[in-house]
Amino acid sequence: MSQGLTGVRQAARQRKKEKFTALLHHLTEALLRDSFYGLKREAATGVDGVTWREYETGLAERLRDLHSRVHRSAYRAQPSRRIYIPKADGRQRPIGIAALEDKIVQGAAVIILNRIYEEDFLGFSYGFRPGRSQHDGLDALTVGIERKRVNWVLDADIRGFFDNLNHEWLMKFVQHREADPRMLRLIQKWLKAGVSEEGHWSETKVGTPQGAVISPLLANIYLHYALDQWVEAWRKKVARGDVVIVRYADDFVMGFQERAEAERFLEELRERLQKFGLELHPEKTRLIAFGRKPENDWKWRGGGKPGTFDFLGITHSCGRTRKGYFTVRRETAGKRMRAKLKAVKQQLRIRMHAPVAETGKWLRAVVQGYFNYHAIPGNSRRLLAFRDGVKRLWWHVLRRRGQRRPWTWKRLIPLAKRWIPSPRILHPYPSGRFDAKHPR
């Protein structure tokens, strides 16, 4: 971090209502270079068709020209190239791929703006923030439910958040802390650049493209003012019982002690979001009995069984430890595992006639990457199921290669032992990691 950006962070921390009127001068060639090398090398190209490797040729000269264009207002944002990727439920998710220079400038702007907003964002916001991961959010949720008096869980989903983000409200929120007209003009350029789909340009009056470098920060700014601050005030001034919340981008889960308070909050939440052009998804937003009391009532008093909910690809359910204490059980969500196995199956068909060792190396990387996220305590059964599923898919593909020597299951076992990693737990228990990161 440069000395100038350190000063920005200190000022943002000490003066919470300070408006920063001069920020763009922090966008230097060195910062653009850092932003460039922070991009993914093999990422898909935008409408410009320029790859990371191509841009690296003559990088110093290119960045000097880009820096000059940004500071004399000659820089023009290009439209995002829209593609679609399949979701776990079978639908298509629109993704906007920005041009390479737009990615570079956006990345530099994010580095600058994070110095301000990281001092403002609340502790229960975990999505796309420096030093915070999905597992940090999962840990906080588990610890909150286990240590607070949570009996009801609100599993909330904002319908099409990135597609319905209101530009006018966003700019008002940004201007709470930022008053540099040149930086504001940059953000407006990215919002109004539009999208290009199969060569046809269309204007974007609302929303911000998923996939753009700047989009996660803009989403966090929007929800900080539209949701987070309001939730924090509601929790302190209205709630009588315990209330916990963990938000990751537009996906958030809340825990309540009393059902009446949870229902009241849900009604007021709908009104609050409607004010800012947002709405809850009626089918994906649920209020369920979940926590220590529902588990006790079901286990010992014959009450209804507590529900389950999915958050960040993990299914959460009520359970007990070997000593009989209440705990939150966590396993890979079934639809997440099925979607991954389906993707592996499609790739194996493409690689059907590739050398066995080459496919084995690819499978090792895929399975290990899957374990790196999902190898949490209590999830061993699902990890084994995933590994077995991959083995079976590979076996079916090998059998169809048409070789004289048939691929029996016995012949596959040593091959799978060599190339497909065996599952082992890679993450600590939620309370251990949470307490280490938040010793207070």
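Okay, before anything else, some vocabulary: when I sort residues today, Asp, Glu, Lys and Arg count as charged, a group of ten including Ala, Val and Leu counts as nonpolar, and the others, Gly among them, are polar. Also keep in mind that we're looking at a predicted model.

Let's use those words right away, on the second largest cavity. Its space comes to about 70 Å³. Who lines it? The residues are Leu24, Val70, Ser73, Arg182, Arg185, Leu186 and Lys189. Sort them and you get three nonpolar, one polar and three charged. Which element gives the largest share of that lining? That's α9, with four residues.

Now the bigger picture. Searching the whole structure for cavities of 30 Å³ or more turns up four. The largest cavity has about 90 Å³ of space. Fourteen residues is the count for its lining, and nearest its centre you'll find Ser80, Gln106, Trp190, Pro209 and Ala212. Two elements give two or more residues here, namely α5 (100-117) and α9 (181-192). And α9 gives the most, with three residues. As for character, this lining splits into nine nonpolar, four polar and one charged.

Next, a pocket. The second largest pocket holds about 800 Å³ of space. It has 27 lining residues, and the closest to its centre are Arg320, Thr327, Val328, Arg329 and Arg330. Several elements give two or more residues to that lining, among them α6 (134-147), α12 (292-300) and β10 (314-320). The largest share, six residues, comes from β11. How does the lining divide by character? We get eight nonpolar, nine polar and 10 charged.

Last stop, a sheet. Quick reminder: strands in a sheet pair through backbone hydrogen bonds, and they can be parallel or antiparallel. Here we have an open sheet of four strands, ordered β2-β1-β4-β5, with mixed pairing. Why do β2 (92-97) and β5 (200-202) each have one side without a neighbour in the sheet? Because they stand at the edges, and each has a single partner strand. On average, and ignoring direction, neighbouring strands in this sheet are turned by 40° against each other.

Let's zoom in on one pair. Strand β1, residues 80-86, is antiparallel to β2, and six bridges join the two. If you want a spot to find on your screen, look for Ile83, which stands opposite Ile95 in β2.

That's my tour, thanks for listening!

Definitions and conventions. Residues are numbered from 1 along each chain as its sequence is written. This is a predicted model: local features need pLDDT of at least 70, side-chain atom pairs count only at pLDDT 80 or more; totals for chains, interfaces and linings use all residues. Side-chain values use heavy atoms; hydrogens and water are left out. On a 1 Å grid over the protein atoms alone, a cavity is a set of points where a 1.4 Å probe fits but cannot get out, and a pocket is an open set with protein on both sides within 12 Å along at least five of seven lines; lining residues have an atom within 4 Å of a point. Grid points are joined across faces, edges and corners, and a volume is the space filled by probe spheres set on the points. Two strands pair if DSSP finds at least two bridges between them. Axes are lines fitted to C-alpha atoms, for helices over the stretch in contact, and angles run from 0 to 180 degrees between N-to-C directions.
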